[in-house]
Amino acid sequence: MKKIRRVLSLILISAMAISLFGCGEDKTEDTSGMYVYFINKAGDELTKEEYRVKSDNVNSQITDLLDALSKDGDEKDDKAAVPNNVIVNGFKLENGIITVDFNSEYNQLENQREVMCRAAVVLTLIQINAVDGIAFTVDDKPFEKVAGTKLGVMDASSFVSMLRGGDDQFARSDFLLYFGNEDGSKLKKYELKNANYGNKTKEEFIVDKLISGPNKDGYTATLNKDIKLRSVSSSNNICYVDFDESFLTERSGVLDEVCIYSIVNSLCELNDIHEVQITVNKESDVLYHKKISLREPFIRNLDLVEAD
């Protein structure tokens with residue numbers, strides 16, 4: 001039995017007491033089946049299983065679903081979204097916004113695992129009729145994805161990129177990438193029409209393509225092929241790209257700014273991405289080639305793009 005259940009049982013008792021006294025403002029009439037989201041065995045995709053909540057009281061539903069998120073699913077490889085060592089300290093519902101408070105272990109989750117957990121929690125709780133959004137805190141402090149970058153209220157649209165592509169091996173889309181021009185001094189547009197991105201997210205596909213380099217004359221690769229992409233994910237219009245340490249040392253034939261904005265501009269061509277946070281082994285307090293700080297997210301820079 002997980003520690004989370006001890007905390008949530010107290011909340012459930014309080015919620016049931018409110019229900020018995022007929023507090024209508026905490027109720028929803030929808031008691032139909034919902035879905036609880038889990039994480040697959042590989043840890044790179046969400047799965048879901050149908051789930052019927054046990055009460056029509058909103059607080060009870062939240063408690064019920066948070067409890068379900070801390071358990072493995074009925075299907076063989078469906079793993080709990082909330083890991084064993086992460087405890088839900090509690091939650092509050094105000095004006096349609098659920099604030100879920102976790103213990104400090106939440107901050108120790110590896111980048112991709114954290115995003116998958118967050119997505120599963122949000123996509124599960126947002127199904128409650130009385131809920132418009134979800135916020136996360138850690139020990140009563142706003143959760144920061146990277147230092148100084150606080151996440152706001154989330155809903156299903158915050159994770160739309162994780163719901164695209166899925167396991168469709170024939171998923172296709174148009175992409176606009178940015179490689180270096182011939183002498184590496186500027187960015188140059190590189191179009192991919194009807195490209196098959198398979199079961200990757202579009203973000204992952206874009207960064208992988210930047211690493212593999214262009215297949216046309218007149219372009220220069222912006223990322224060295226030896227660089228390893230550790231993870232890439234998006235939330236609240238920010239794309240988080242984490243490389244291994246080789247990103248700081250390996251060089252290509254372009255200016256440093258051209259390399260950085262090759263990544264940023266290419267990802268910002270996706271409609272739901274407005275900023276890009278680059279990290280190295282999950283650290284943002286580093287300098288790229290001892291020159292460009294990665295501390296803050298980057299926004300699109302079209303001044304570096306070569307005129308058509």
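**Exercise 1. Describe the hairpin of strand 9 and strand 10.**

Solution. Strand 9 and strand 10 form a hairpin, with six residues between them. Gly184 in the turn has a positive phi of about 75°. Strand 9 covers residues 172–180 and strand 10 residues 187–196. Eight bridges pair them in the antiparallel sense. Pairing requires at least two bridges found by DSSP between two strands. Tyr178 has Lys189 in strand 10 as its bridge partner. Strands (E, at least two residues) and helices (H or I, at least four) are DSSP runs, numbered from the N terminus.

The model is predicted: local features need pLDDT of at least 70, side-chain atom pairs count only at pLDDT 80 or more, and totals for chains, interfaces and linings use all residues. Residues are numbered from 1 along each chain as its sequence is written, and side-chain values use heavy atoms, with hydrogens and water left out.

**Exercise 2. State where the predictor's confidence is lowest and highest among the elements.**

Solution. pLDDT is the predictor's confidence in each residue, from 0 to 100. The chain average is 84, and 84% of the residues score at least 70. Helix 1 (residues 3–20) has the lowest mean, 41. Helix 5 (residues 256–268) has the highest, 97. Over residues 1–31 pLDDT stays under 50. For that stretch the model has 50 contacts beyond four places in sequence. A contact means heavy atoms within 4.5 Å.

**Exercise 3. Work out how helix 2 packs against helix 3.**

Solution. Start with the axes, which are lines fitted to C-alpha atoms, for helices over the stretch in contact; angles run from 0 to 180 degrees between N-to-C directions. Helix 2 (residues 58–69) and helix 3 (residues 111–125) have axes that come within 10 Å and cross at roughly 150°. Helix 2 is therefore roughly antiparallel to helix 3 (angles over 145 degrees count as such). The crossing is right-handed (the near helix is turned clockwise from the far one by less than a right angle). Next, the residues. Ile62, Leu65, Leu66 and Leu69 of helix 2 meet Ala120, Val121, Thr124 and Leu125 of helix 3. By class, this contact has seven nonpolar residues, one polar and no charged. Nonpolar covers Ala, Val, Leu, Ile, Met, Phe, Trp, Tyr, Cys and Pro; charged covers Asp, Glu, Lys and Arg; the others, Gly among them, are polar.

**Exercise 4. Trace the sheet with strand order 3-4-5-6 and place its helices.**

Solution. The sheet is open, has four strands, and its pairing is mixed. Its edge strands are strand 3 (88–94) and strand 6 (141–142), each paired on one side only. Strand 5 (residues 133–138) runs antiparallel to strand 6, joined by two bridges. Val138 stands opposite Lys141 in strand 6. Helix 2 packs on the sheet, touching strand 3 and strand 4 (97–102), at about 145° to strand 3. Helix 3 lies across strand 4 and strand 5, at about 140° to strand 5.

**Exercise 5. Do the same for the sheet with strand order 11-12-13.**

Solution. Three strands form this open sheet, with mixed pairing. Strand 11 (229–235) and strand 13 (275–280) are the edges. Neighbouring strands are turned by 15° against each other on average, direction ignored. Strand 12 (residues 238–243) runs parallel to strand 13, with six bridges joining them. Phe243 has Val280 as its bridge partner in strand 13. Helix 4 (residues 202–212) lies across strand 11 and strand 12, at about 140° to strand 11.

How values were computed
Angles under 35 degrees count as roughly parallel, over 145 as roughly antiparallel, 65 to 115 as roughly perpendicular and the rest as oblique.
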